[in-house]
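Reader: I am new to this structure and should be grateful for a close look at a single part of it, the nonpolar core.

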Amino acid sequence: MKVQKELVKADDDEKILHMAETHQGMITSTQVTEAGIPRRCLSSMVHNGLLVRVERGVYTLPETWEDELFILQWRFSRGIFSHETALYLHAMTDRTPSRYTMTFPFGYNPGNVLKRGVVAKVANEETYPLGIMTLASPSGNSLKVYNIERTLCDMVRTRHKADIQVVNQAMRMYAGSREKDIGRLMDYAQRLRVKPKILTYMEILL
């Protein structure tokens, strides 16, 4: 019986390692549970040096570079990467954010978010889901990010006080992009109450 348990444990370890290898070297406790593998295997694998615990519920292979964006997404699942961070993920700025920015629904308690050094923005029930999409982090993990039209609107909102050079660069890149959707941009601008500002940029650049 002991030998059989050891074989099952070894098989579970192999499954977890394979899952991590197919997810850019990262694995979560949720993924392990969904695969029908006991979570205690993760603790055992950390003890044996097969995995590294980088965050509650998040583990990596020892040689894997830690994906901070993915860990933040896992830790704060209701947060959507936005503003300068979204521009960075859309490759619409040449500046790497010094602090990441996430937007949360109204009423969300941002205390733990702020402790992690993340800039926390708040959106109301109507605008929070507007423009959510999935993009890959630089390490290849899936992140929830606002699309570029929503991001441009967020960047020109008065309360945000964005760097004008960053905004101008992003607007120029968008205007020159074959993938731009002016109709969607204007719809979002209307709903986010920044249409005059967006119109001014587009009239100059298009």
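Author: What follows describes the core and then one helix that belongs to it.

This is a predicted model, in which local features need pLDDT of at least 70 and side-chain atom pairs count only at pLDDT 80 or more, while totals for chains, interfaces and linings use all residues. Residues are numbered from 1 along each chain as its sequence is written, and side-chain values use heavy atoms, with hydrogens and water left out.

A nonpolar core is here a set of buried Ala, Val, Leu, Ile, Met, Phe, Trp, Tyr and Cys residues joined through side-chain atoms within 4.5 Å. Buried means under 20% relative accessible area, exposed over 50%, and partly exposed in between, with a 1.4 Å probe and protein chains only. The largest core has 22 residues, and those that touch the most other members are Leu87, Leu152, Cys153, Met171, Ile198 and Met202. Two or more residues each come from helix 7 (148-155), helix 8 (164-175), helix 9 (182-191) and helix 10 (195-205). Helix 8 supplies the largest share of this core, 5 residues. Helices (H or I, at least four residues) and strands (E, at least two) are DSSP runs, numbered from the N terminus.

Leu152 illustrates how these parts meet. Contact means heavy atoms within 4.5 Å. Leaving out residues up to four places away in sequence, Leu152 touches Leu87, Ala170, Met171, Tyr174, Leu185 and Ile198. A second core, separate from this one, has 17 residues, including Leu69, Phe70, Leu72 and Tyr100.

Helix 10 merits a closer view. Its residues Ile198, Tyr201 and Met202 are buried. These three lie on the same side of helix 10, because they cover an arc of only 95° around the axis; the arc is that of the directions from the helix axis to the C-beta atoms. The buried residues of helix 10 pack against helix 7, helix 8 and helix 9. On the other side of helix 10, Pro196, Glu203 and Ile204 are exposed. In soluble globular proteins, nonpolar side chains tend to be buried together.

Lastly, a residue outside helix 10 may be considered. Threonine 28 lies in strand 1 (residues 26-28) and is buried, with a relative accessible area of 4%. Apart from neighbours within four places in sequence, threonine 28 is in contact with Gly57, Phe70 and Trp74. Phe70 is also one of the residues of the second core.
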